[in-house]
Amino acid sequence: MHGRPRKSTMQEDPIAAAALAAKSARLRELLPQLLHFHHNRIYTKEAVSVSSELLKINPEMYTGWNYRKLAFQHNLKEVSDTDTIKSAVEDELRMVQVALEINTKSYGAWYHRKWILGQKLVPANFDHEFRLLDKLLEGDARNFHGWNYRRFIARLKDVSEEEELEFTWKKIKSDFSNYSAWHNRSVLLSKLLRKKAKGFQEEGNIVPGEFEKVRDALFTDPSDQSGWFYHLCLLQQTSTPPKPYVVSSWPFDKSTIEISSQFKEKCEKFPIIFCFNQKVDGVSLATVTVNSKLVSGQHITWKPLSANNSRKSKIWLAFLEIFNENYENSEPLSVEISVQNIVHLNFVIKLSYTDHQGKNGDGLEQLFSWDCPEKCRNLQETSPDFVYFDRWRVSYEDVEEDAKCHLVTLSAEIKHIKELLLEWDESKFGKLTLARLLGAQNSVKSGGRSYFEETLKLYDDLIKLDAPHSNYYREERSLVLLDQLTSSKVSLVKCCNRCENSSYSYINPQLCIHFSGLNLSRVGFVGRLLWVQILDLSHNNLTSISGLEALQLLVCLNLSHNQIMSFTALEPIKCLQSLKVLDLSFNEIGSHPVDTTWYLCSSPLSNTCNVTEIMEEVARENIQIWDFWEAILLLKSLQLVQLDLQGNPVTNEPFRVLVEKVNPSLKWLDGKPVS
C-alpha cells in the first residue's frame, strides 16, 4: 500500500515451520476450551488464563478479546477496592502489550487497549503510553494503528493539536514517505484552520508554508504517494469556499417564463430549483421566503434531490401551485424568492395560448424523433436572447474575494509542478496534480481556451500512462469537457437547438442540448443546464447518470448507445416527474447476472412505491417478477409516453408485457404503438 509492497509471510525455514505447526496444534486445543467458557459465562482465573495463552499465539482472535472484556466487567462488578481494580487494569494492559509485540497491527488488541483506558477506572499512565507509542513508531513509523492510538491518547490527556502538529513534522522530517504522519497532519491542520485557533486565523498565511514543506518531499521522490496525498489535502483546503452559496437557480433572476395554457389545465406544479456549490441541509421555510400575490410560502415544502435519500444535497427543489381560483388568465404572476436574505430572485410567469400540435389523427401523442433536423432550429441561426446564458451563475463579492486570496498560491504551485514535470515528465502524480491545480485556478479566474486544452491533454496522457486507473481519468476528463462546453454562451450555443416538434413540454421555448458522441463517462455541471428540456447524451460511455436529477424541466432524454448495465443505475431519473420520452436503446441492461449497483440502492421491501397490485397482475402472466423488480420500481415512478429499450439483453416479449403493465401511460414502445 502507498507504494510499499507487502512482504511474504511464508516460512521457508524448516525449524520455523515446525514451530508454527506446533502453535497451530495448540491453538486448536485452546479454542474449544475458550468457546466453552464463553458460552457458559465462566470467568474464573483459570478460564481467563486460557484466553491469554490463545491470544499470545494469535492476537487476531477477536472472540478472545471479547471474552476478556466480559470477564473484566464480571470480575469487577462488585469490587470497590482501588488496588484490586488497578491490578486488573494493569493485567489487561500487559496482555495487550504482549499481543502487540507479536503483531503490531492487531485490530483486536489496539481496540481492547482503548476500551480498557476508556473505562477510566484508574488514572491512565500517559508517560508509559507515549513511551510505548514512541517505541512502536521507531520500529514502524507508518503503522496507522499506532497513529490512531496516539490520537486517542492525545485526546484523553488533552494534548493540544498544535503540539501534535509539531510531532507529525518531526516524524515527516525523518522520513518523507511516512503516509500516516502526513495524514495525521492533514487532520490536525484542518481542525486548527476550521476553528481558527491562535496562529491559524488566516488560512492564506498558513497554507503556502505547508505547500513549501510538502514540496521538498515531492521533489525528493515524485513516485512516492505520501506527499501527493497531503498536497491534495492542501489543494482542497485552498479551493473549497469557507461557506456554501447558491451557484445557479431555476427560474433565473429577472426572467419571464412563458408556459403553455395546457399547464394550467392539467394543474401542473411549477418547479423552483437551487443549486449550491456544496452539499447543504436546512433549506426550509425558515431559510427561504416566497412572496407572490397568489403563492403562499407557508405551503411550500423544500426537499433535497439525493440518490441515497440524504438530508444534505447540492440540489434543493420545491414546487409552486401557482394556478388557483384567484388566478386571472391575462395576469402575469410575479414571484420573489429570498434565501437567507442573501440571494434574491425575481421572475414573472405568464400563460401562452400557442396551440401545440401534439397528437396525430388517431388521438395519440406523436412519436418523438431524435433525428429530426427540420424541426429544430440551431441557435446560431436565430437570436439566442431567450436563453439566459449569462444568468445561471450567481455572483458573490465576498466569495470571490476569498477565492482570489488563494490565486497567488495556486499560480505558484502550478509553476512548481510544471518545473517538476520538466525533470519527471512521466510522473502520473505530477500530471494529475497539475490538472487539479489548473481546475482550481480556473474556478477562480477563467483560464479560457488554453486551460481546457492543457487540462484535456493531461488527462489524455494519464489514460495512456496509468491504464489501471484510466476509468477515473476518463471521468475527470469528461467533467473538464463539460465545463468547457457550458462555460460560455459562445460554446454552449453550438450544442443548443430550439425544438419545434415536442408537445410534451409546457414551458416555451423548448430547448434541446446535444452532447452526443463526446466519449463522456460522467455527467457534470448540471447547475448550468437547469433550463434544458430536451437532452441528448447518446453515443457516449456513461455507466451512471448521477446529477441528472437536477434537471426538473427535462421532458425528453436520450441515453442510447451508452454502457448502462442496470435499471438501478438509472435511479436519478425517478426524480424527473416531467420526463415523457426516454431512450435507453443499445445499452447493456441485463448483460450482467449480478447487478452490483443493487448494493447501493434500497431493496424492494424498503421502497415506498406501492407496487403490490402490479406485482400480482404481472405474476398472473407467469413472469418471474424478481428478475425485474428494479425495472418495476423505476418505471412505476415515471409517467412515460415513449420508451425505447431495443438492443438491450433484458429485452424480450415477457419484459415488454411487464413494461406495458407497469407504465399505463405509455403510448410508444421501441418505436411502435402500445396496444
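Here are some friendly notes to read beside this predicted model.

1. Let's begin with a single residue, E210, in helix α10, which spans residues 203-220. Is E210 buried or exposed? Its relative accessibility is 5%, so E210 counts as buried, since the cut-off for buried is under 20%.

2. What surrounds E210? Leaving aside residues up to four places away in sequence, E210 touches R185, L189, Y230 and L234. With one of these, Y230, there is also a polar contact between the two side chains, at 2.5 Å.

3. Next, look at two helices together: α11 (residues 225-239) and α15 (residues 428-444). Their axes lie 11 Å apart and make an angle of about 5 degrees. That makes α11 roughly parallel to α15, because angles under 35 degrees count that way.

4. Which residues meet where α11 and α15 pack? From α11 come Q225, W228, H231, L232, L235 and S239, and from α15 come F429, G430, T433, R436, L437 and A440. Try selecting both groups in the viewer.

5. Now for a sheet. Four strands form an open sheet with antiparallel pairing, in the order β1-β3-β6-β5. Which strands stand at the edges? They are β1 (246-250) and β5 (303-304); each has a single partner strand, so one side of each is left without a neighbour in the sheet.

6. Stay with the edge strand β5 for a moment. Two bridges join β5 to β6 (residues 313-320), and the two strands run antiparallel. If you want a place to find this pairing, look at P304, whose bridge partner in β6 is W316.

7. Strand β12 (residues 511-514) is a nice one for comparing strand directions. With β10 (residues 496-499), β12 pairs in the antiparallel sense over three bridges. With β13 (residues 534-536), β12 pairs in the parallel sense, again over three bridges.

8. One residue of β12 lets you trace both pairings. I513 is the bridge partner of C496, and I513 also stands opposite L535 in β13.

9. Finally, turn to helix α21, residues 653-662, where the buried residues are F655, L658, V659 and V662. Why do they belong to one side of α21? They cover an arc of only 100 degrees around the axis, which puts them on the same side of the helix.

10. The start of α21 deserves a look too. There, a side-chain oxygen of N652 reaches to within 2.8 Å of the backbone nitrogen of F655. F655 is also one of the buried residues of α21.

Note on methods: Residues are numbered from 1 along each chain as its sequence is written. This is a predicted model: local features need pLDDT of at least 70, side-chain atom pairs count only at pLDDT 80 or more; totals for chains, interfaces and linings use all residues. Side-chain values use heavy atoms; hydrogens and water are left out. Buried means under 20% relative accessible area, exposed over 50%, partly exposed in between (1.4 Å probe, protein chains only). The arc is that of the directions from the helix axis to the C-beta atoms. A polar contact is a pair of N or O atoms within 3.5 Å; within protein, one must be able to donate a hydrogen and the other to accept it, and residues adjacent in sequence count only if both atoms are side-chain atoms. Two strands pair if DSSP finds at least two bridges between them. Axes are lines fitted to C-alpha atoms, for helices over the stretch in contact, and angles run from 0 to 180 degrees between N-to-C directions. Angles under 35 degrees count as roughly parallel, over 145 as roughly antiparallel, 65 to 115 as roughly perpendicular and the rest as oblique. Contact means heavy atoms within 4.5 Å.
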